[in-house]
Amino acid sequence: MIPVLLILIPVITGLIAFFLPGEKAPKIWTLLSAIVTLGVAVAGVYSHRAAELNFDESWIPMLGARFSLSMDGMAKMLCLLTAASFPLVFGATYRNDYPKPGNFYGLMLLLQAGLMGVFLASDCLLFYFFWELALIPAYFLCSAWGGERRIAVTFKFFVYTFLGSLLMLVAILYIYFRTPDQSFALESFYNVQLTAKEQGWLFWAFFIAFAIKMPVFPFHTWQPDTYEQAPTAVTAILSGVMVKMGLYAVIRWLLPVFPEAVAHFDHCVIWLAVAGIIYASLIAIRQDDIKRLIAYSSIAHIGLMAAAIFASHKAGGEIGLQGVMIQMFNHGVNVIGLWIVVDAIEQQLGSRKFSELGGLAQRAPGLAILFVIMAFANIALPLTNAFVGEFMMFNGLFRFSFAAAAVAGISIILAAVYTLGMVQKVFYGNTVPRTENAVDSDLSVKLMLAILAVVIIGLGVYPQPMIQLTNDAVEAVITKFHSI
Amino acid sequence: MNAIILSAIWGVVMMFSSVLVKNKGAFRHIAALGLLVLLAANICDSYGPSFFPINTHDMLRFDSFGLFFNSIAIASTLIFVLLSGKDIEKAGSYVAEYFVLIFFVLCGVCILSSFNTLLMLFLGIEILSIPLYILTGSDKRNLKSNEAALKYFLMGSFSTGIMLMGIALVYGGTGSFQLEVIRSVFGSYKGVSFLEVTGLLFLLVAMCFKVSAAPFHFWTPDVYDGAPAVFTSFMATIVKAAGFIAFLKLFDARVADTSTAVNWKMLFCIIIISTLLIGNITAVFQQSVKRMLAYSSIAQAGFMLFALFSLNDFAREGLLLYAAAYSLATIGIFAILLKMKDYTFEGFNGLAKKQPLLAAANTVFLLSLAGIPLTAGFFAKYYMLASVVKTGGYTWMVVVGVLFAAVSAYYYFRVIQAMYFKDGEGRTEEVSGSFKIGVALLAGLIILFGIQPQALLNWFYF
């Protein structure tokens, strides 16, 4: 029943939010809803009873599609991330005023429901259904509440992802007809017999859909623009949670269904990802906008995760996959922290440009300390959560190809360059006219950042619980590979 | 049989009512009542009792497929009348007669869904077409409307001629008008004669004209644009869907699968891809939403043609689902379009601020036409694609279809962008509360079928 609640609570409360009048009511309502969802997600993480973690009902019997949801370790981890990020973002942006707040918060909750559905679905048609469903609220959120160029930019984002999804739909249909029992169930998809040639093109149809969502070079062009133009609360969800949809889908649906194709195309994908890592890192150095810098930094981080996933099927590579698992959570935490700071700066000073900022640490010391912790996590400094994940991912990648690991490794240095450059330009040096009268952030912002900082350091020192949580999923995927 | 006879009778009843009743608004109610009766009678027919046990000498054959389609068509017409009935009153001065003509068109629709000989096909097409020529020209003071009617009539007559020629040749070749006989001739391994193949090709051309498949689509944008918008809504939905049902019945059971004279699959491939190409690409460049919908109807026809390409159970179920999903969404959009003062994309600017409910409902209709999940349109497109994948070997065509579906998102989303994200007046005419409720219910229905398509499909297997 827990998986159903995780979807139903945001859907129902989200629909109600549309009709709530005034400024405050929708805010409080959605914050409460998000906290309840978080509570349910935590209960799910600690639950071990199959009856509570699985749900299976007939949906469209004529097609063999079932409304089946299940919550294994990976789903638990991602649902926890989704459930945790919404109250954090709502809390940190509590003072922001959006025109038509009811619609804004309603769409946010629908987005949450879509994301939960993607992580929980164990029927491929249902998965596709939620995959698209998450896109629609995101489209409206970015288009209605974004920056100046929002309409064209969001439309590009929509068309890109929609096209990718449609290609995936064709592949889903093809596999569906090849399953012996004509079903969309995860198990049926895992057991379907496909020739190498079929796997080849089906792999690309799925991969392009996922690669656009992640995004992996060269399918990333929508991402910096969309992150820049979307309202920051939405950007936080897009980069903190939504990009995980792509990574998650690769692990859940791509690797186990097309093992031969993965083994065949792994070099190609890994080098694309590595090229993306270096390319995005270099571009990040040259940015003048904090949002764009974090967007490019995100492409680099996601690229490393993609590379580690595809390297994981080689002997010893499972450590890389394990690294990806915990890094999905860690990256979400870190990047949401960064966005919260960006939002705080933008709301107070009305600018995100390095050229217009400086010396903020003198006026907002609390924010500066917390931001530096987030920045260190972004560079994956030891003692922060990201270090553990990146170490494991590089370890996995190294066992696959020394060259790929070496080239990708350059990104560690580049990440330090652009992240510390950002910290320096925004917080240190002398104040400029814009930051002269700045004050420290609200308590709500600092509280949310402090929670994130605790998580960052906590998981940096003791990552074992997270590793244990996702261990079953890693083993299942690796076993599938080794069985072919 | 119920639907055919009753629609004709109710048409005549309405014709007399135009003499007796002077209140223009009353006709709408009489028509809605008639449609309710028709729907009830058709559902009765589906479950067994036919009120008119007439021996049709196997010229008509009533099966669940045809009867279910009749229900869809009648229900759609009922929704059309309820939502846009008032606008029919504005189209011209002969209000009752317009409703009469709509009933006669429905009579043609019901014949097309159950014909079993080529003669009945011809009769059905003509009964359906002739009232449409008149409806197209109903705004007789408008030059565009006159031109559209003339164009439609002339082109329609040509296609009728071609169809008759096709029927004659097929008859010459097979010696029968019966579909079974024709099928068995085409299905046999003896090979088919020149007459039969040419006849069938002529029929193909005529049917392509009726459903506005490329390259016989040229009349569509001009006629749809010229006709009063309220009748365009009717023509583009119920009438077009009926054309497809007839097309499917004619080419069902792969009439010419064993024939080597013509590569039918490839022929359909070419027709489908060119229809999708022309419909979608031209729709992108339109400035008027009405013209965009005309071209998008060509594009949607391309998708429906997938059913004719694959001709399996998915295709049949899917075509019914498509007919329902597409008709409901398009009727909804046209109903809203009729309330707009300006039919261009700019005319929709800022509609969400002025009329949030209309904009929200319109968004659902547009999402359905684009085939986004949570709407009936998704499953409609899904079935069409699935039918082709099931055929095997033509997955590339599905990919092409999918690429064009992505293109279609462009022009459908332009309307959404205009309504929600652009500043403007969004000027509409007076919108009544009941109209808003009607549109909202229609949007709800589309979402219901989008979440639970089984609710609709269950009916198919009554």
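Biologist: Among contacts in chain B between residues at least 6 apart in sequence, what share joins residues at least 24 apart?
Modeller: The model is a predicted one, and in it chain B is built from 19 helices and zero strands. Of the contacts in chain B between residues at least 6 apart in sequence, the share joining residues at least 24 apart is 82%.

Biologist: What radius of gyration does chain B have, set against a compact globule?
Modeller: The C-alpha atoms of chain B fill a box of roughly 65 × 55 × 45 Å along the principal axes, and buried residues account for 65% of its 462 residues. Because a compact globule with 462 residues would have a radius of gyration near 23 Å, the value for chain B agrees with that expectation, at 21 Å.

Biologist: How much area is buried between domain 1 and domain 2 of chain B?
Modeller: The domain assignment places residues 1–163 + 216–242 of chain B in domain 1 and residues 279–461 in domain 2, with their C-alpha centres 22 Å apart. Across this boundary, 30 residues of domain 1 of chain B are in contact with 30 residues of domain 2 of chain B. The size of an interface is often given as the accessible area lost when the parts come together. Carbon and sulfur atoms give 75% of the area buried between these two domains of chain B, which is about 2,700 Å².

Biologist: Which residues in domain 1 of chain B lose the most area to domain 2 of chain B?
Modeller: The area in question belongs to the boundary of about 2,700 Å² between the two domains of chain B. Together giving 24% of what the domain 1 side buries, the residues that lose the most area to domain 2 of chain B are B:Phe65, B:Phe68 and B:Leu83.

Biologist: Which helix gives the most to the largest nonpolar core?
Modeller: That core holds 391 residues, of which A:Leu63, A:Phe210, A:Phe310 and B:Tyr382 touch the most other members. With 19 residues in the core, the element that gives the most is helix H13 (residues 313–339) of chain B. At least three residues of this core come from each of two domains of chain B, namely domain 1 and domain 2, and the helix asked for is H13 of chain B.

Biologist: Is A:His220 buried or exposed?
Modeller: A:His220 is found in the loop between helix H9 (196–213) and helix H10 (222–229) of chain A. Leaving aside neighbours within four places in sequence, A:His220 is in contact with A:Pro215, A:Tyr279 and A:Ile299. Since its relative accessible area is 4%, and the cut-off is under 20%, A:His220 is buried.

Key:
Residues are numbered from 1 along each chain as its sequence is written. Chains are lettered from A and ligands numbered from 1 in the order in which they are written. This is a predicted model: local features need pLDDT of at least 70, side-chain atom pairs count only at pLDDT 80 or more; totals for chains, interfaces and linings use all residues. Side-chain values use heavy atoms; hydrogens and water are left out. A nonpolar core is a set of buried Ala, Val, Leu, Ile, Met, Phe, Trp, Tyr and Cys residues joined through side-chain atoms within 4.5 Å. Buried means under 20% relative accessible area, exposed over 50%, partly exposed in between (1.4 Å probe, protein chains only). Helices (H or I, at least four residues) and strands (E, at least two) are DSSP runs, numbered from the N terminus. Domain bounds come from an automatic or database domain assignment. The radius of gyration is taken over C-alpha atoms; the globule rule is 2.2 Å times the number of residues to the power 0.38. Contact means heavy atoms within 4.5 Å. Buried area is the accessible area (1.4 Å probe) that two parts lose on being put together, summed over both.
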